[in-house]
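Work through these exercises with the model open. Each task is followed by a stepwise solution.

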Amino acid sequence: MGMKAKKSMMKKVKKGSTELTASVRKDEAADFLPLEGGPARKLPITENSENKATVLYIGRIPHGFYENEMEAFFKQFGEIRKIRIARNKKTGKSKHFGFLQFASPEVAKIVAETMHNYLLYEHLLQVQLIPPERVHPKLWKGVNRYYKPSDWIQIERKRQNKEKTFEEHKKVVDGILKREQKRRRKIEAAGIDYVCPEFVGSEVSAPKKIRFED
């Protein structure tokens, strides 16, 4: 065998080994073969969102354990950024669940593992991590403002005492007369001989139109 034949054979061997190594590496890198055919594919790499979660859901919060108490208790784990307790819009009372945000995701994970099912004032706290993609964009809206419940008694007093129009006053009187007639029919059906007094103000006079002379 001549030198040229040996060189050509060595080139073929090297080329074959290179192609074999490439095919093996390609098969190792691939995760599945598509059903429609074609080359092997690899699954997309997805990062675990829980490793970046800093927001915690806290359920079954006992009565009296509010924002100040939560901050004083949970700051032993690490830096707290935001605290929010769900409250009733009318009364301002706690709905016994809230949200807590830490500065570090590692601290948030430790708190979720440590405080879940923790007995506090005869309540088992329910603590869970919330992935970043599931955090509502309006979750922290107005979190730094002090919540002051609306004075619904004052609001209702203003609504009742406001000056009514002719149509509104007529509607109120018609409702009273309708209930009065229903009450009289019940008395007659019971066989009771009773003359009900007339309702004062049942006749509502229309507003007079004043004509001005030129």
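**Exercise 1. A charged residue in helix α5**

Is Glu 180 buried or exposed? Then find its salt-bridge partner.

Solution.
- Note first that the model is predicted.
- Take the accessibility. Glu 180 has a relative accessible area of 16%.
- Apply the cut-off. Buried means under 20%, so Glu 180 is buried.
- Look for the partner. Glu 180 forms a salt bridge with Arg 183, with the closest N and O atoms 2.5 Å apart.
- Check the spacing. The two residues are 3 apart in helix α5, so about one helical turn separates Arg 183 from Glu 180.
- Compare the partner's class. Arg 183 is partly exposed, at 39% relative accessible area.
- Extend the search. Arg 184 joins Glu 180 and Arg 183 in a network of salt bridges.

**Exercise 2. Two more salt bridges**

The structure holds 5 salt bridges. Analyse the pairs Glu 67 with Arg 87 and Glu 156 with Arg 159. Which parts of the chain does the Glu 67 pair tie together?

Solution.
- Recall the principle. Side chains of opposite charge can pair when their charged atoms come close.
- Start with Glu 67 and Arg 87. Their side chains meet at 3.0 Å, N to O.
- Place both ends. Glu 67 lies in helix α2 (residues 67-74) and Arg 87 in strand β2 (residues 80-87), so the bridge ties together parts 20 residues apart in sequence.
- Class both ends. Glu 67 is partly exposed at 26%, and Arg 87 is partly exposed at 21%.
- Turn to Glu 156 and Arg 159. Their salt bridge spans 2.5 Å, N to O.
- Place this pair. Both residues sit in helix α4 (residues 152-161), 3 residues apart, which is about one helical turn.
- Class the ends again. Glu 156 is partly exposed at 36%, and Arg 159 is partly exposed at 46%.

**Exercise 3. The two sides of helix α3**

Which residues of helix α3 (residues 105-115) are buried? Which are exposed on the other side?

Solution.
- List the buried set: Val 107, Ala 108, Val 111, Ala 112 and Met 115.
- Use the geometry. These residues cover an arc of only 140° around the axis, so they lie on the same side of α3.
- Go to the other side. Glu 106 and Glu 113 are exposed there.
- Set this against the chain. Of its 214 residues, 19% count as buried.

**Exercise 4. A positive surface patch**

Which residues form the positive surface patch? Locate Arg 185 and give its accessibility class.

Solution.
- Name the members: Lys 178, Lys 182, Arg 185 and Lys 186.
- Locate Arg 185. It belongs to helix α5 (residues 166-189).
- Class Arg 185. Its relative accessible area is 51%. Exposed means over 50%, so Arg 185 is exposed.

**Exercise 5. Positive phi in loops**

Where along the chain do Arg 60 and Glu 122 lie? Give phi for Arg 60 and for Glu 122.

Solution.
- Fix the layout. The chain has 5 helices and 6 strands, in the order α-β-α-β-β-α-β-β-β-α-α.
- Place Arg 60. It is in the loop between β1 (55-59) and α2.
- Read its phi. The value for Arg 60 is near 60°, positive in a residue other than glycine.
- Class Arg 60. It is partly exposed, at 43%.
- Place Glu 122. It is in the loop between β4 (119-120) and β5 (123-124).
- Read phi again. Glu 122 has a positive value of about 65°, though it is not a glycine.
- Class Glu 122. At 75% relative accessibility, it counts as exposed.

Key:
Residues are numbered from 1 along each chain as its sequence is written. This is a predicted model: local features need pLDDT of at least 70, side-chain atom pairs count only at pLDDT 80 or more; totals for chains, interfaces and linings use all residues. Side-chain values use heavy atoms; hydrogens and water are left out. Patches are made of residues with over 30% relative accessible area and no salt bridge: like charges are joined within 9 Å, nonpolar side chains (Val, Leu, Ile, Met, Phe, Trp, Tyr) within 5 Å. Accessible areas come from the Shrake-Rupley method with a 1.4 Å probe; for residues, only the protein chains shown count as cover. A salt bridge is a side-chain nitrogen of Lys or Arg within 4 Å of a carboxyl oxygen of Asp or Glu. Lys and Arg count as positive and Asp and Glu as negative; His and the chain ends are not counted. The place of a charge is taken as NZ of Lys, CZ of Arg, CG of Asp or CD of Glu. Helices (H or I, at least four residues) and strands (E, at least two) are DSSP runs, numbered from the N terminus. Buried means under 20% relative accessible area, exposed over 50%, partly exposed in between (1.4 Å probe, protein chains only). The arc is that of the directions from the helix axis to the C-beta atoms.
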